[in-house]
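Work through the exercises below with the model open beside you. Try each task before you read its solution.

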Amino acid sequence: MKQALEAIRSQAAKELAAAENQQSLESLRVKYLGKKGELTSILKQMGKLSPEERPVIGQLANDVRAFIEQDLEKRSAELKAAELEKRLQTETIDVTMPGKRHELGCKHPLSIVLDELKEIFIGMGFEIVEGPEVELDYYNFEALNIPKNHPARDTQDTFYINDNIVLRTQTSPVQIRTMEKKKPPIRVISPGRVYRSDAVDATHSPLFHPIEGLVVDKGITFADLKGTLEVFVKQLYGEDSVVRFRPHHFPFTEPSAELDVQCFNCHGEGCRLCKGEGWIEILGCGMVHPKVLANCDIDPEVYSGFAFGMGLERLVMRRYNIDDLRLFYENDVRFLKQF
Ligand code: DAH
């Protein structure tokens, strides 16, 4: 038995020294030290030994076990070190290779100016509200004092889904939805998408982004409209901006006006930017028509209000001197990266 143990020790030492990787070390551990291993099967025969022999052989068996365990550990450490050494040699880093660049996006110019605009109006106590893009004819036209067959409908080429449902052609329906839900005082702006069946060119798109505004309370006058919009324009384009109001017509406001800003390029002289006009039209506005208030169960004898609507695209084109609307929607990064 003593010889058998010694044989196991030297055989294990030889095989361990020859092991090439962790896997073969593990199978050697099972082979020698495992439950069905060689050492265990010898120890199982201890019963056959005489009482004098037993402690001697027991001691030797423990020594052999300890020896194999130590050898296993040593060999494992050696193999690990060798593996690391090999990796360090083969996996060299080529510092001259180009790195991976993570492109950082930036805000779309429409979003930059919209965010600025929201800040300005929030600063004046306005709330931001939104409405659906697929809208009932009633909200898009009828409640805004544009009945069926009214000629004002012709100015808005409309995508009809059926007789009663349209893709909204303006953000003005949000006025109605707001007044139905909320009683005065009301101070809201409503940005969003609208749709018109227009052909695409440098200044037209079937999809664009107006911003609607509505104020309703007791005692609101045209002076409030003028003051609010003048403050807005000065915050957006600078304190030295000059504005003028020009009479106009919208079915949902009475009286109605358009607001022009004096051309900041030529200061009213007339140039290419303002097409020789000296002024640039920015928005439509007016005092909310009494019929529109009444349509929303707000008594026009008690309350009055003003509303306005402007095109975001136009504001942004003016801000950055962009001459083609299509650039906003083409998603060409060479264009978008400039803002
Ligand atoms: N909805 C108008 C349009 O799309 C813009 C507008 C003009 C909105 C005057 C208003 C307003 O609220 O008072 O042409």
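## Exercise 1: Strands and sheets

Task: find how S9 and S10 are connected, then place them in their sheet.

Solution. S9 and S10 make a hairpin, with two residues between them. This is a predicted model: local features need pLDDT of at least 70, side-chain atom pairs count only at pLDDT 80 or more, and totals for chains, interfaces and linings use all residues. Residues are numbered from 1 along each chain as its sequence is written, and side-chain values use heavy atoms, with hydrogens and water left out. Strands (E, at least two residues) and helices (H or I, at least four) are DSSP runs, numbered from the N terminus.

Step 1. Check the pairing. Strand S9 (residues 243–250) runs antiparallel to S10, over seven bridges. Two strands pair if DSSP finds at least two bridges between them.

Step 2. Pick out partners. Phe245 faces Leu259 in S10. His248 has Ser256 of S10 as its bridge partner.

Step 3. Widen the view. The open sheet has seven strands in the order S1-S5-S8-S12-S11-S10-S9, and its pairing is mixed. At the edges are strand S1 (127–128) and S9, each pairing on one side only.

Step 4. Add a helix. H10 packs on the sheet and touches S8, S11 and S12. Its direction makes about 55° with that of S12. Axes are lines fitted to C-alpha atoms, for helices over the stretch in contact, and angles run from 0 to 180 degrees between N-to-C directions.

## Exercise 2: The cores

Task: which residues have the most contacts inside the largest nonpolar core?

Solution. Step 1. Define the set. A nonpolar core is made of buried Ala, Val, Leu, Ile, Met, Phe, Trp, Tyr and Cys residues joined through side-chain atoms within 4.5 Å. Buried means under 20% relative accessible area (1.4 Å probe, protein chains only).

Step 2. Read it off. The largest core holds 37 residues, and Leu117, Phe232, Leu283, Phe308 and Met310 have the most contacts inside it. Among the elements that each supply at least two of its residues are helix H5 (109–123), helix H8 (222–237) and strand S11 (279–288).

Step 3. Look for another. A separate core of 22 residues includes Phe141, Leu144, Val216 and Phe250.

Step 4. Zoom in on Phe308. Leaving aside neighbours within four places in sequence, its contacts (heavy atoms within 4.5 Å) include Phe121, Ile211, Leu229 and Cys285.

## Exercise 3: Helix H7 and Ser190

Task: is Ser190 buried or exposed? Start from the helix across its strand.

Solution. Step 1. Place the helix. Helix H7 (residues 173–181) lies across strand S5 (186–191), S8 and S12, at about 35° to S8. Its buried residues are Pro173, Val174, Gln175, Ile176, Thr178 and Met179. Their cover includes helix H6 (137–140) and helix H9 (290–295).

Step 2. Turn to Ser190, in strand S5. Ser190 counts as buried because its relative accessibility is 2%.

Step 3. Trace its side chain. It reaches the backbone oxygen of Val129 at 2.9 Å. This is a polar contact: a pair of N or O atoms within 3.5 Å; within protein, one must be able to donate a hydrogen and the other to accept it, and residues adjacent in sequence count only if both atoms are side-chain atoms.

## Exercise 4: The ligand

Task: how many residues are around the ligand?

Solution. Step 1. Count them. There are 14, and Gln170, Ser172, Gln175, Arg196 and Glu212 come nearest. The cut-off is a heavy atom within 4 Å.

Step 2. List polar contacts. A polar side-chain atom of Gln175 is 2.9 Å from a ligand oxygen atom. A polar backbone atom of Ala307 is 3.1 Å from an oxygen atom of the ligand.

Terms used:
Buried < 20%, exposed > 50% of the residue type's maximum accessible area, 1.4 Å probe, protein only.
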